[in-house]
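Please work through the following exercises with the structure in view. Each task is followed by a solution in steps.

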Amino acid sequence: MEKVRLQDLAKKLGVKVKDVQEVLKEWGIEKSNFAYLEEEEIQIVLDHFGKETTQEIKEEKKEEKVESAQEKEPTKEEKPPQKVKEEARRKETFKREERPAPKKEEKPVHKPKPVPQAVAQPAPKPPSPPPTQKVEAREEKKAQKEEEQILKKLEKQIEKKQKKEEQEEEIKIVQIPEIVTVRELAELLRVPPNVVMAELLKKGVLATINQTVPSEVALQVAEALGFLAEIKKEEEETLEEEIPDHWEKLPRPPIVVVMGHVDHGKTTLLDTIRKTNVAEREKGGITQHIGASVVQLPDGRKITFLDTPGHEAFTSLRARGAQITDIAVLVVAADDGVMPQTVEAINHARAFNVPIIVAVNKIDKPGADPQRVRRELSELGLIPEEWGGDTIFVDVSAKTGQNVETLLEYILLLAEILELKARVEGPAKGTVIESKLDKQRGPVATLIVQEGTLKVGDPVVAGTTYGKIRAMFDDKGRKLNSAGPSTPVEVLGFEELPMAGDTFIVVEDEKKARQIAEIRKQKKEQQEKLSRGLMLEDVFKKIEEGELNELRLILKTDTIGSLEALKKALTELSTPEVSVRILHGAVGGITENDVMLAKASQAIIIGFNTRPDLKAKETAEREKVDIKLYSIIYEAIEDVKNALRGLLKPIQKEVVLGSAEVRATFKIKGVGTVAGCYVLDGKIVRNANARLIRDGVVIYTGKIESLKRFKEDVQEVARGFECGVKLKDYNDVKVGDIIECYEVKLEKPSL
């Protein structure tokens, strides 16, 4: 089929050129007035304006050729072109009407379509049709086949375009997870991964196919590829919302931790309580292994005891945000009195606002003085009820069992006052107490259920790991199918070991549990790079933002006098906006326990004439805890005061750039002594600070005035090269001296 200009086609159809262009635009085709149209494009226009086939255009073309040939014939009288065309058309019609109908029977492949009278088929002559008529018939059949093929192609193209449009509508808005890999992002956007990687390269990010992409960058990539993107809210953030709160909350047993100094009878007291109240035990009881135990009183009421060491339990669990302990029992030996670890245990309990019951132990021993314990503890703020205070004191003997039942009664009484309640129905939620790797059973975790009921077969997420509860045991080693609030259980089924202090929660299925664990794991890796404890440089900023209303400090000094003086001076720095609170103060070096307490409570450690031990220093660096050391009391007070006001001065930090050894000296008239040096380490920089060291003693501090290499001035000289150095205003340089080059940087204070 011959090509037709867009303008000519519009004229033949009797429509405007603009209308034809708009029809083509709907199909994504843009054409100018004089552009030629393809067969498919012509058919689109004809279908739209009601024409039957492309054959009609072909016939009209033939007509035009005949008319143009007739116009070219010489005529006696010149007539207007329009009249000539009309006459030619009338003659042709007259001739065709005179011809008889064809006698030959034809078997058409396709049913012929009606054609206009002006282009009616010429009838063949009876004896033998002329060769031109056979050619025309063949051409007509061929045109019909071509037309069918064109129509099929057009239908396929229409179907493809419709599918594309549907896909575009579906992915018009894309939700991108907060943590997504290049592969996952490419799948979301339905593009090849190399397209995403190319877009990342444009933004200066070089990433592999399995590398994580920050959510902000992923958002930019999606928008660059023509998508409306938004950050998808993580599933773990909606967990709390998914748990309905319409269930009734019922009283639950209290969770109690026993604390105190070494050898004051904590373990003996716990063993006595268990033996007194637990009637039967299976062989090889695993109470010590499970980390928690349940004691049932004769009237059926229960108490859950944590077997982990007192203050260490607080720091390790609280550092991860666990809030499981309801009551702390402070064990103090009546014959020994208050000891350093006793004070430490009190400070740990107070740091987390846990009520304390004091058990004055070993009252059966000779030399026991319970009143002395009361006096010493009252000085620390624990005033007995009989003295008008609010702290319960119970005199007990863990060895004989004297008054142990009274202690348990007081624990239950305090639990009633605290109104400890939890929902029993619904999915379980709680905390991991400890975990271990068993050679036969695999990862084993000890959990305390705080809300809901934990059942065998439940899929759970704990921190950055997940699993399905395959088996569950109580504190006596008996198998359980379910466990309610305040119940400690040992479970099997975790994929990896969960961390002590991690919160666990039951989810819909194992797939969701795995997804949430992966999200948390990636999020934790990112946060660990940025997370740090509270620094004194941030104090004023957090005060201004309203995030901080209490500055917590841990004091370690060399003497009691210094401790009391610092406590008094620092407490008096409190302002109406921010109060200064001393969480813990003691005499001695800074220990790992101090660092863990500072991490858990977002506190700052101040050491006066003391130093952290190696383990404490490593822990502080790992946990990003700020330790400030002083030898003058007024400096410590001034720094805390300035931190509260936001007036801490920048710290000058010296950074050594390099060192060079003097191997020759040259005296130059009008210049002075130039040292011929060999750079031993780093680099020597012109105009940098320098010091001259002779036999380990600094004899000059100043600047490098000039630096040369083979008579040429240079900016710096690297290690392994020789150079000439002239020190500013100093000429007494000798062979063997060391010139050290350094710079001073100003850093933000970290108190």
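**Exercise 1. Determine which residues make the nonpolar surface patch of about 280 Å², and describe the place and exposure of isoleucine 668.**

Step 1. In this predicted model, the patch is formed by Phe666, Ile668 and Val671.

Step 2. Isoleucine 668 belongs to strand S27, which covers residues 651-668.

Step 3. The relative accessibility of isoleucine 668 is 42%. Partly exposed residues lie between the limits of 20% for buried and 50% for exposed, so isoleucine 668 counts as partly exposed.

**Exercise 2. Identify the buried residues of helix H15 (residues 370-379), and establish how they are arranged around the axis.**

Step 1. The buried residues of H15 are Pro370, Val373, Arg374 and Leu377.

Step 2. Viewed down the axis of H15, these buried residues fall within an arc of 100 degrees, and they therefore line one face of the helix.

Step 3. The elements that cover the buried residues of H15 include strand S11 (327-333) and helix H14 (340-351). Strand S12 (356-361) and strand S13 (392-395) are also among them.

Step 4. Just after H15 comes glycine 381, with a positive phi of about 100 degrees.

**Exercise 3. Determine how many disulfides the structure holds, and explain why cysteine 723 has no such bond to cysteine 677.**

Step 1. A disulfide is a covalent bond that joins the sulfur atoms of two cysteines.

Step 2. The number of disulfides in the structure is zero.

Step 3. For cysteine 723, the closest cysteine sulfur is that of cysteine 677, at 5.3 Å. A disulfide requires the two sulfur atoms to be within 2.5 Å, so the sulfur of cysteine 677 is too far for a bond.

Step 4. Cysteine 723 is buried, with a relative accessible area of 7%. Cysteine 741 is buried as well, and its relative accessible area is 0%.

**Exercise 4. State where glutamate 419 and serine 486 are found, and decide whether each counts as buried or exposed.**

Step 1. Glutamate 419 is in the loop between helix H16 (404-418) and strand S14 (421-423). Its phi is near 50 degrees, a positive value in a residue other than glycine.

Step 2. Glutamate 419 has a relative accessibility of 60% and therefore counts as exposed.

Step 3. Serine 486 is in the loop between strand S20 (482-483) and strand S21 (487-494). Although serine 486 is not a glycine, it has a positive phi of about 65 degrees.

Step 4. With a relative accessibility of 2%, serine 486 counts as buried.

Methods: Residues numbered from 1 in each chain as written. Predicted model: local features only at pLDDT ≥ 70, side-chain atom pairs only at ≥ 80, totals over all residues. Heavy atoms only, no water. Patch = residues over 30% accessible without salt bridge, like charges linked within 9 Å, V, L, I, M, F, W, Y side chains within 5 Å. Areas by Shrake-Rupley, 256 points an atom, 1.4 Å probe, with all protein chains shown as cover. Salt bridge = Lys/Arg side-chain N within 4 Å of Asp/Glu carboxyl O. Helix = DSSP H or I, 4+ residues; strand = E, 2+ residues; numbered from the N terminus. Buried < 20%, exposed > 50% of the residue type's maximum accessible area, 1.4 Å probe, protein only. Arc of directions from axis to C-beta. Contact = heavy atoms within 4.5 Å.
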